[in-house]
Amino acid sequence: MAFESIDGPPESVFSRLVQSLTTEAQTRQLAVVSRTTPATYRVKVYTANVVYPKKAVIHWVWDVYDADQRRAFRLSGEEPVTGAGSNTWAAADETVIRRIASSGMERLAGFLATPRTASAPAAPAAAPGAAPGPAPTRDEAAVTVAAVGPAP
């Protein structure tokens with residue numbers, strides 16, 4: 001798989017998130033290649049910080065696209081942050097970043113480990129007579145996470 005983009009966080013959080021994603025992918029032996037390399041799946045990550053009365057939250061969504069650019073899976077979550085005031089990103093410490101990366105990679109690993117069939121609820125419906133796509137490969141070699149820069 002390749003991480004196509006990570007949108008939302010400022011530069012300082014973006015860099016820490018990329019490092020945490022790299023670590024989590026290596027821990028789960030998930031092969032992640034540069035976004036310029038062909039991949040079975042491409043992941044787009046979206047994040048948003050929201051300040052509610054009495055709490056602040058970082059919401060995140062990962063859209064996973066197949067080789068035909070169809071969304072095959074979506075996962076999402078939220079991480080509460082404390083001490084943010086009006087700047088939620090400033091309160092996104094290492095623990096918050098690790099929880100986002102860990103939760104996302106754990107659920108992504110579950111998706112990748114599930115056999116792709118026409119009747120699988122997470123996969124789009126296959127055309128009549130179409131064979132299921134190839135199973136993702138797992139490479140135990142070094143993993144790198146490459147993504148575009150943070151959103152302006």
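At 69% relative accessibility, Q69 counts as exposed, because that term is kept for residues over 50% relative accessible area, with buried meaning under 20% and partly exposed anything in between (1.4 Å probe, protein chains only). Q69 sits in the loop between strand 3 and strand 4, and its phi is near 65°, a positive value in a residue other than glycine. Most residues other than glycine have a negative phi. K54 also has a positive phi, near 75°. You will find K54 in the loop between strand 2 and strand 3, where its 89% relative accessibility makes it count as exposed. Just after helix 1, Q29 takes a positive phi as well, of about 55°.

A word on what you are looking at: this is a predicted model, in which local features need pLDDT of at least 70 and side-chain atom pairs count only at pLDDT 80 or more, while totals for chains, interfaces and linings use all residues. Residues are numbered from 1 along each chain as its sequence is written, and side-chain values use heavy atoms, with hydrogens and water left out.

Now let us step back to the whole fold. The protein has 2 helices and 4 strands; helices (H or I, at least four residues) and strands (E, at least two) are DSSP runs, numbered from the N terminus. Following the sequence, you meet them in the pattern β-α-β-β-β-α. Of the 152 residues, 38% count as buried. Contact here means heavy atoms within 4.5 Å. Among contacts between residues at least 6 apart in sequence, 67% join residues at least 24 apart.

Let us take the helices in turn. Helix 1 has 17 residues and reaches 24 Å from its first C-alpha to its last, close to the 24 Å expected at 1.5 Å a residue. That expected span is 1.5 Å times one less than the number of residues. Its buried residues are V13, F14, L17, V18, S20, L21, T22, E24 and A25, and what covers them includes strand 1, strand 3 and helix 2.

Helix 2 covers residues 94-113, which gives it 20 residues, and it reaches 28 Å from first C-alpha to last, close to the expected 28 Å. At its start, a side-chain oxygen of D93 reaches to within 3.2 Å of the backbone nitrogen of T95. Further along, V96, I97, I100, A101, G104, M105, L108, A109, F111 and L112 are buried. These buried residues pack against strand 1 (2-7), helix 1 (11-27), strand 2 (41-52), strand 3 (55-66) and strand 4 (71-81).

How do the two helices meet? Helix 1 and helix 2 pack at an angle of about 45°, with their axes 9 Å apart; the axes are lines fitted to C-alpha atoms, for helices over the stretch in contact, and angles run from 0 to 180 degrees between N-to-C directions. That makes helix 1 oblique to helix 2, because angles under 35 degrees count as roughly parallel, over 145 as roughly antiparallel, 65 to 115 as roughly perpendicular and the rest as oblique. The crossing is right-handed, meaning that the near helix is turned clockwise from the far one by less than a right angle. On the helix 1 side, V13, R16, L17, S20, L21, E24 and A25 take part, and they meet E94, I97, R98, I100, A101, S102 and M105 in helix 2.

V13 is a good residue to zoom in on. At 2% relative accessibility, this helix 1 residue counts as buried. Not counting residues up to four places away in sequence, V13 touches W89, A92 and I97. The C-alpha atoms of V13 and I97 are separated by 7.8 Å, although the two lie 84 residues apart along the chain.

One of those partners, A92, is found in the loop between strand 4 and helix 2. A92 counts as buried, at 1% relative accessibility. Leaving aside neighbours within four places in sequence, A92 is in contact with V13, R16, I58, V81 and I97. Its C-alpha atom is separated by 9.7 Å from that of P9, 83 residues away along the chain.

Finally, look at D63 in strand 3, which counts as buried at 3% relative accessibility. Its side chain makes a polar contact with the side chain of R74 (2.6 Å). A polar contact is a pair of N or O atoms within 3.5 Å; within protein, one must be able to donate a hydrogen and the other to accept it, and residues adjacent in sequence count only if both atoms are side-chain atoms. Beyond its neighbours within four places in sequence, D63 is in contact with R42, V43, K44, Y46, R71, F73 and R74.
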